[in-house]
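Trainee: Could you take one part of this model and go through it closely? Please start from a single residue and work outwards from there, in plain terms.

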Amino acid sequence: MDLVKVLSGEFGIKESQAEATLNLIDEGNTIPFIARYRKEVTGGLSDVVLRDMNDRITYLRNLENRKEEVIRLIEEQGKLTSELKEQIEDAQVLQRVEDLYKPFKKKKATRASKAREKGLQPLADIIRGQEIEGGDPLDVALDFVDADKGVKTPAEAISGACDIIAEEISDNPELTDAIRKATAETAVIITEATDAEEKTVYEMYYEFNESASKIPNHRILAINRGEKEGKLKVKVSTDVEKMERIIALQVITNEKSIFFTLLQETVADAYKRLMAPSAERDLRNSLTERAEVEAVKVFAKNTEKLLMVPPVKGARVISIDPGFRTGCKVAVLDETGKLKAYTTVYPTEPKKDVKGTLATLDKLAKKYEINTIVIGNGTASRETEEVVAEFIRNSDMDIRYTIVNEAGASVYSASKLATEEYPDLDVTVRGAMSLGRRLQDPLAELVKIPTKSIGVGQYQHDINQTMLENALDNVVEDCVNRVGVDLNTASPSLLAHVAGINMGIARNIVAYREEQGVFTERRQLIKVPKLGEKTFNQCAGFMRISGGRNPLDATSVHPESYGATEAMLDKLGIEKEDIAGGGFKDIDEKIWTLYGSDKQEKPKTRGKGLAALAELSNKQDKQKRNMKKAIAAMAKDLDIGEPTLRDIIEEVKKPGRDPREDTPPVVFRNDVKSFDDLKLDMVLEGTVRNVVDFGAFVDIGVKHDGLIHISELSKRGFVKHPMDVVSVGDTIKVKIIKIDKEKERVGLSARV
């Protein structure tokens with residue numbers, strides 16, 4: 001297999017581009033590094049495409065290895081033909097290779113193998129040959145009766161021969177593939193309850209059937225879970241006659257043969273006993289795999305949105321982890337996330353000390369000049385929120401509050417990492433601190449938690465855990481490197497996600513920082529134990545040093561490009577200090593003056609209406625083309641790639657820009673709504689908390705998130721997937737279209 005040619009075709013890129021990217025990956029470069037600093041080589045491929053390519057490379061190489069192994073195993077049996085070898089070498093998927101290998105695979109004792117031991121293979125060949133058109137099949141079988149071998153009658157001989165034929169049919173790779181495809185196209189998934197009287201969340205599946213080709217992914221996962229929990233029985237229904245016809249067309253060639261009826265019965269047996277169970281198992285596996293892949297994508301996308309929520313700067317926080325019997329744990333954090341105080345209040349049942357809670361909140365808020373209160377969304381959140389809202393209403397301080405998702409907080413607070421970070425604090429205090437810090441800097445805090453515990457997806461505990469963890473690790477790595485980390489403040493947990501850095505090196509960086517003092521330049525990283533030149537090359541561009549010796553160390557400009565950057569600044573007459581002071585916004589004008597045309601026209605409009613707008617648009621397009629030429633000329637002059645130069649220019653304009661600034665800000669509240677306040681057709685503003693295959697859950701300020709079904713997500717009608725319309729963290733307007741007071745469920749519509 002020509003790997004470069006395959007990658008080029010599948011990803012729609014040039015072969016030279018595919019080869020160069022493949023070499024970068026094989027050399028051990030990380031995906032974030034390749035995506036950010038090797039754009040000239042990859043043609044600007046994104047980290048998402050590069051990861052897909054990396055996965056595809058792994059699959060194709062495993063496929064080639066398996067082909068070689070299968071060819072060797074068949075050759076050792078002396079059964080490898082040139083035709084079979086060619087078929088194996090031409091296989092495009094692993095399943096095809098396994099189908100071709102199946103007839104040669106060593107099996108446990110089967111009815112067919114026992115029949116072969118009795119010497120019935122020649123009879124099976126006669127029956128399959130279908131050349132005899134007159135007489136009785138039992139007469140033909142007389143020659144194969146041999147009591148010593150265990151064949152006592154002609155009927156037994158025929159039965160054994162038919163077992164051989166049935167296995168040969170089931171081992172045929174072309175028939176196996178045809179039955180597998182027909183099953184996928186026509187099968188129906190049928191479910192029923194194991195106990196129809198029991199009330200469970202799976203009641204909609206108690207008498208349920210749906211075409212396998214149309215069943216959505218979330219239903220597949222729900223049915224799998226119901227079956228695993230013993231609440232559902234699941235079966236696959238197929239068109240048996242159609243399946244038998246598919247086989248018969250390949251097996252039965254002479255209807256006049258005396259073996260015609262025997263072969264019909266053998267075809268039916270081959271399908272029912274040997275092929276149907278395998279095809280149905282393959283179908284359910286493929287459906288599950290499809291659903292898992294989509295669920296992982298949804299989970300990863302939601303997690304990315306959660307990690308990229310912008311930090312709330314300057315927030316002095318009272319963070320509350322709600323509870324009933326044991327009270328609400330309170331942690332007070334300054335704007336840097338440092339713990340200033342902690343206590344416990346009891347605003348909820350059984351103590352319901354609202355007065356004491358209000359007094360404690362007032363005292364802490366005044367002493368530490370609090371401007372934000374954070375409440376976890378778990379048990380007792382609603383009751384705690386009411387007390388906080390009452391405190392804010394009666395306070396003369398400018399305080400706001402918000403609800404944060406506390407999923408995973410308990411996992412972190414009891415972890416070895418939390419114990420190492422705060423050995424003197426109680427588990428509950430660590431949990432409350434984590435909630436507050438999730439608001440102050442979500443990315444820095446959430447990297448401490450196993451990503452699958454964050455809980456922004458569907459059926460995350462039912463899907464392939466290795467696949468999920470790998471996907472989420474990639475998301476965290478991409479987010480951390482997209483944002484960059486402050487080398488002098490980042491925790492080991494955050495540093496460990498920087499390209500090329502593992503937890504051991506991350507701890508060494510922090511230890512070096514504590515022993516030697518703050519880093520003043522990136523090159524000092526080389527002095528960190530186990531961090532060599534190769535690792536430095538991968539990680540350096542993602543590390544930031546504010547106020548260091550070189551202003552470029554505070555940017556995403558890679559040290560390998562410092563020479564070209566300094567030459568550019570020198571040509572343009574820009575001082576490094578101009579960058580350190582917040583960026584140099586007028587760099588485009590300087591580039592134009594030096595490398596552009598002398599006749600640059602500023603966009604002007606003459607007259608009004610569409611003609612004037614068209615004139616303006618044309619001039620703007622011309623400016624962009626001319627500026628592109630100017631940058632190309634400068635890149636050639638500096639001997640640097642154009643994509644790299646553009647990135648450098650953007651950094652000079654706004655050094656260390658945080659991409660999270662482009663995402664929706666956190667929504668704060670000053671008051672709370674009761675479920676009883678909700679009315680049909682009421683229009684509210686809410687925050688998207690989770691996106692799943694069938695819709696989106698939106699926080700509208702009551703205890704439970706409301707659900708926008710996929711059919712209500714857009715005024716434009718059909719939506720293929722909710723993620724095409726909304727993302728976690730989005731602030732949207734919704735209308736209440738259904739209220740279930742008994743279950744406290746709210747149906748919403750975004751078609752406002």
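Mentor: Glutamate 369 has a relative accessibility of 55%, and because exposed means over 50%, this residue counts as exposed. That value, like the others here, comes from a predicted model. Glutamate 369 sits in the loop that links α16 to β7. Its backbone deserves a remark too: phi is near 50°, which is positive, although the residue is not a glycine.

Follow the chain back from that loop, through α16 (354-367), and there is another loop, between β6 and α16, which holds proline 350. The peptide bond between glutamate 349 and proline 350 is cis, with omega at about 5°.

Now go forward from glutamate 369, into β7. Strand β7 (residues 372-376) is paired with strand β4 (residues 317-321) in the parallel sense, over four bridges. One pair to look up in the display is isoleucine 318 with its bridge partner in β7, isoleucine 373. As a general point, the strands of a sheet pair through backbone hydrogen bonds, and the pairing is either parallel or antiparallel.

Strands β4 and β7 belong to an open sheet of five strands, and reading across it gives β6-β5-β4-β7-β8. The pairing within this sheet is mixed. Strands β6 (339-345) and β8 (400-404) are at the edges, and each has a single partner strand, so one side of each has no neighbour in the sheet. From one strand to the next, the twist averages 20°. Helix α20 (residues 427-440) lies across β4, β5 (328-333), β6, β7 and β8. The direction of α20 is at about 130° to that of β4.

The other sheet to look at is closed. Five strands form a barrel in the order β11-β12-β13-β15-β14, again with mixed pairing. On average, neighbouring strands here are turned by 50° against each other, with direction ignored.

The barrel can be followed pair by pair. Strand β11 (residues 683-692) pairs with strand β14 (residues 731-740) in the antiparallel sense, over five bridges. Within that pairing, valine 683 has lysine 735 of β14 as its bridge partner. Strand β14 also pairs with strand β15 (residues 745-749), antiparallel and over five bridges. There, isoleucine 736 is matched with leucine 748 in β15. The link between β14 and β15 is a hairpin with four residues between the strands. In its turn, glutamate 744 has a positive phi of about 50°. Strand β12 (residues 695-699) and strand β13 (residues 706-709) make an antiparallel pair over four bridges, in which alanine 696 stands opposite isoleucine 708 of β13.

Lysine 530 is another residue to set beside glutamate 369. Its phi is positive, about 70°, and it is not a glycine. Lysine 530 lies in the loop between α24 and α25 (533-539), and with a relative accessibility of 73% it counts as exposed.

For a contrast, step into helix α24 (residues 503-516), where alanine 506 is found. Buried means under 20%, so at 0% relative accessibility alanine 506 counts as buried. Leaving aside residues up to four places away in sequence, alanine 506 touches Pro492, Leu495, Ala496 and Ile501. Glycine 431 is 75 residues from alanine 506 along the chain, and the C-alpha atoms of the two are separated by 24 Å.

Last, the packing of helices. Two packed helices are described by the angle between their axes and by the distance between those axes. For helix α14 (residues 240-251) and helix α15 (residues 260-307), the angle is about 120° and the axes are 9 Å apart. The two helices are therefore oblique to each other, and their crossing is right-handed. On the α14 side, the contact includes Val240, Met243 and Glu244, and on the α15 side it includes Leu263, Val267 and Tyr271. Sorted by class, the contact of α14 with α15 has 10 nonpolar residues, one charged residue and no polar ones.

Key
Residues numbered from 1 in each chain as written. Predicted model: local features only at pLDDT ≥ 70, side-chain atom pairs only at ≥ 80, totals over all residues. Heavy atoms only, no water. Axes fitted to C-alpha atoms, helices over the stretch in contact; angles between N-to-C directions. Parallel < 35°, antiparallel > 145°, perpendicular 65-115°, else oblique. Left-handed = near helix turned anticlockwise from the far one by under 90°. Contact = heavy atoms within 4.5 Å. Nonpolar A, V, L, I, M, F, W, Y, C, P; charged D, E, K, R; others polar. Pairing = 2+ DSSP bridges. Buried < 20%, exposed > 50% of the residue type's maximum accessible area, 1.4 Å probe, protein only.
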